[in-house]
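Me: I'd like a close look at a single part of this model. Could you pick one strand and walk me through its surroundings, then move on to whatever else is worth a look?

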Amino acid sequence: MFKNNLKIAWRSLKKQPFFTFLNTFGLAIGMAGGLLISLYIYDELSFDKMFADADRIYRIDTDIKFGGNEMKSSESAAPMAETMKRDFPQIATTVRFRDRGSMLLRKTGAEANTKEPQATFADSTFFEFFGIKLLVGDPKTALTKPNTLVLTKTAAEKHFGIKNALGQSLLLNNTDTYTVTGVIDDLPKNSLLRDHSVFMAMAGYANSRENDWGSNNYYSFIKLIPNSKIEALQEPLQGMLEKYMLPWAQKYFPGITKESFEASGNYLRYHTMPLTDIHLYSIKDSELSANSSIQNVYILSFIGLFLIVLASVNFMNLSTAQSLKRAKEVGVRKTLGSNKTDLIRQFLTESGLISFISLMVAIVLAIVLLPYFNNLSGKNLSIPYANPIFWLILFSATIILGLFSGSYPAFFMSRFMPVTVLKGGGQSKVGGGNIRNSLVVFQFAISVFLIISTLVVFQQLKYIQGKDLGFTKDQVVLIEDTYAAGSQVQAFKEEVGRLGQVKGATLSSFLPTPSSRSNSSFFKEGFKDQENAIQMQTWDVDNDYLSTLDMKLVAGRNFDTQFVSDSAAVIINEATLKVLGVGPQEALGLRLSQDIELEQPQFYTVIGVVKNFHYESLRENIAALGLFLRNSTGLMAVKLKAGDFSNTIASIEGIWNKMAPGQPFSYRFMDESFNTTYEAEQRLGKIFVVFTVLSILIACLGLFGLATFNAQKRTKEIGIRKVLGASVGQISYQLTTDFLKMVGIAILISLPIGWFVMNKWLEDFSYRIEISWWVLAIAALLAVGIAILTVSYQSIKAAIMNPVKSLRTE
């Protein structure tokens with residue numbers, strides 16, 4: 001029976017190639033989009049699950065409010081991990097990382113350096129903790145001694161090759177010599193350590209064992225013993241404030257207690273973050289690597305689901321549009337003895353066949369489009385051809401989709417009455433109009449929602465790009481690792497500054513775009529109590545910093561190298577004024593102290609107030625910040641004049657090669673560096689555009705099918721109207737208006753939903769747009785315009801038909 005149904009289904013599909021193509025193409029687009037999004041979501045959900053006992057690993061996070069500044073940090077104090085292992089029997093082992101960013105490496109005796117993107121200090125427990133095997137070396141001793149390191153496979157091959165790496169010496173940042181004690185495989189791209197290639201022994205880091213509970217700059221991970229519950233640690237974890245942190249703070253704030261600490265409006269709270277949740281749920285300061293967001297996964301999940309549902313709905317509408325042509329076939333079959341069940345089975349076989357053909361097309365589309373999708377999403381996804389579970393899920397989903405898509409047409413057509421359809425009266429009595437109309441409303445409601453979402457995402461990105469940030473990011477090139485020039489770094493800056501296309505240059509590791517950060521506590525002169533603490537960013541800059549980046553002073557003056565006293569001066573931002581409780585002019589001359597535990601602490605005199613500038617993402621409010629005149633040579637920002645940048649950069653590179661021979665020359669533009677902060681939003685916006693276009697295309701196919709169905713159903717009505725004098729325009733208007741009513745209902749449903757959902761998305765930004773009325777209006781007008789273009793062809797075609805042809809059977 002099934003074989004016979006399959007043959008009939010194949011013949012039926014061949015009889016109507018145009019509608020077979022539309023059905024297959026619509027389903028294939030939805031399935032291909034759903035497949036690509038599923039691969040993306042699977043990758044996002046798989047982060048860090050490859051590590052041994054990943055479900056028992058947690059990171060210790062710290063939330064702090066002190067000195068008027070709030071911080072949610074992914075780091076904790078140096079002694080935190082070791083102390084927790086000692087105090088809590090539920091903890092089996094711990095490991096810490098102290099991230100050091102990029103590093104320059106070269107073999108001892110070599111002249112040229114190679115840049116490694118990420119290096120970190122790590123405890124010797126690193127390998128056992130994460131279940132990482134060494135390709136060469138002993139995991140028990142690899143990181144136990146100072147000045148030893150382990151390289152990834154790719155990093156080792158750059159310098160020595162894997163087999164020859166053990167015992168070799170490397171010079172790091174032109175200063176420290178380390179011995180290679182092991183090589184590990186490259187870490188997976190879906191792990192939090194994916195960008196790290198150099199792991200240095202924590203034993204060699206000077207401050208790693210200090211009992212410093214005030215500096216939170218270590219990534220601390222704990223692993224529980226089997227069957228332990230993390231909930232049992234939460235309450236005793238908070239007790240570490242009184243047990244360790246406050247006693248350590250006594251030397252700075254004698255007599256401090258938990259009550260006085262909290263009464264001053266301060267708090268310090270510790271939290272545990274599951275390792276496998278970090279990538280999607282952690283939005284803390286100073287993450288070990290860039291994270292994504294579970295919100296994006298939800299959004300893409302809904303888009304993928306919508307695409308498949310839209311394609312299924314489209315199939316239903318196109319199938320019912322063809323029902324009038326098959327009404328007599330159903331009547332003949334029933335007259336010859338076929339029952340309703342046989343007909344349903346036959347129609348479901350047809351839908352199943354179309355689903356499997358669509359699957360083949362969808363797989364081809366996915367293979368072709370995967371490189372473009374990888375570029376769009378920033379991933380390196382691949383189709384797991386060798387995984388039987390993948391194919392099982394894919395075929396199962398196809399069967400379910402075929403049954404779901406074909407169920408309504410099958411039940412719809414199988415209930416045709418043979419007497420009615422065989423005498424030609426089926427055209428006005430096939431029914432099902434409310435369901436078909438509801439499906440079209442559903443399709444367009446989703447499409448309008450996606451249009452609104454796309455417009456809002458791009459409006460927010462445009463707002464970010466155009467907002468006055470308080471500094472100039474355009475035409476600024478950043479020269480990286482300028483410390484490698486050693487004693488020649490100042491001469492390098494001066495010679496670059498003399499180039500005709502250069503407006504100015506400044507040396508500093510601290511920039512408003514992603515770069516170094518440092519946070520410290522200060523006090524107004526005469527105060528040493530916690531109530532008067534000022535927590536602020538402390539940036540080391542030179543006297544050309546403000547002028548190069550076009551930062552504006554609202555009071556006071558800039559640094560001047562002719563004033564020796566400026567080495568003990570500070571320029572604060574407007575946010576610091578709020579913490580100090582003074583105005584710009586009142587702040588000038590104030591003295592702020594640091595290192596209050598010393599008998600004679602260092603004082604800094606406020607000589608200027610700089611206008612607030614955004615140095616973090618626009619998701620964050622601007623916090624207190626101070627600029628200090630000190631040497632910091634990690635980066636050099638060069639402000640260029642308009643013109644041919646490539647020639648200017650080539651000239652800068654020539655100067656670099658002369659003054660720092662053998663040192664790699666690398667640069668980036670500040671506006672590009674700024675844009676990396678919003679890379680996730682930019683990718684989301686592009687993905688929205690692509691899948692919005694696909695959803696509209698699928699919705700239009702469904703609307704086209706319904707327009708065809710409606711024109712067929714009303715053929716004789718249109719003929720009568722023409723005989724009675726109706727014009728082509730009047731008939732086209734009548735047919736089109738019916739569909740615009742459905743689109744109007746879809747707009748009324750989707751506008752408030754889109755407005756509400758996108759306002760929730762915008763809440764992540766401290767600085768954001770308000771959704772304007774015209775955004776909703778454009779979405780509505782686009783939907784109406786697309787609907788008119790879609791149905792106008794069938795409406796005009798039906799209106800210009802010769803009434804003699806449509807009425808000759810009457």
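Reply: Start with L149 in this predicted model: its bridge partner in β9 is V180. That pair belongs to a ladder of five bridges, over which β7 and β9 (residues 176-184) run parallel. On β10 (residues 198-201), things go the other way round: this strand is antiparallel to β7, and three bridges join them. Here you can look at L151, which stands opposite V198 of β10.

So how covered is β7 itself? Mostly: five of the five residues in 148-152 are buried. In a regular strand, side chains alternate between the two faces of the sheet. In β7, T148, V150 and T152 point one way, while L149 and L151 point the other. Both sets are buried, with the two threonines, T148 and T152, sitting on the same side as V150.

Now go over to helix α7, residues 240-249, which is also mostly covered, with seven of its ten residues buried. The buried ones are M240, L241, Y244, M245, L246, W248 and A249. What do they pack against? Three helices and a strand, namely α3 (80-87), α6 (231-238), α8 (258-263) and β12 (267-274).

Further along the chain, have a look at S292, in the loop that links α9 (278-281) to α10 (294-321). Its relative accessibility is 16%, and because the cut-off for buried is under 20%, S292 counts as buried. Its side chain makes a polar contact of 2.7 Å with the side chain of E44. Leaving aside residues up to four places away in sequence, S292 touches Y40, E44, H279 and L280, so E44 turns up again among its contacts.

One last stop is the empty space. Rolling a probe the size of a water molecule over the atoms shows where such space is left. The count here is two cavities of 30 Å³ or more, and the second largest holds about 30 Å³. Its lining is made up of R59, L192, I278, E287, L288, S289 and N291. By class, that gives three nonpolar, two polar and two charged residues. I278, one of the lining residues, falls within α9, which spans 278-281.

Terms used
Residues are numbered from 1 along each chain as its sequence is written. This is a predicted model: local features need pLDDT of at least 70, side-chain atom pairs count only at pLDDT 80 or more; totals for chains, interfaces and linings use all residues. Side-chain values use heavy atoms; hydrogens and water are left out. Helices (H or I, at least four residues) and strands (E, at least two) are DSSP runs, numbered from the N terminus. Buried means under 20% relative accessible area, exposed over 50%, partly exposed in between (1.4 Å probe, protein chains only). A polar contact is a pair of N or O atoms within 3.5 Å; within protein, one must be able to donate a hydrogen and the other to accept it, and residues adjacent in sequence count only if both atoms are side-chain atoms. Contact means heavy atoms within 4.5 Å. On a 1 Å grid over the protein atoms alone, a cavity is a set of points where a 1.4 Å probe fits but cannot get out, and a pocket is an open set with protein on both sides within 12 Å along at least five of seven lines; lining residues have an atom within 4 Å of a point. Grid points are joined across faces, edges and corners, and a volume is the space filled by probe spheres set on the points. Ala, Val, Leu, Ile, Met, Phe, Trp, Tyr, Cys and Pro count as nonpolar, Asp, Glu, Lys and Arg as charged, and the others, Gly among them, as polar. Two strands pair if DSSP finds at least two bridges between them.
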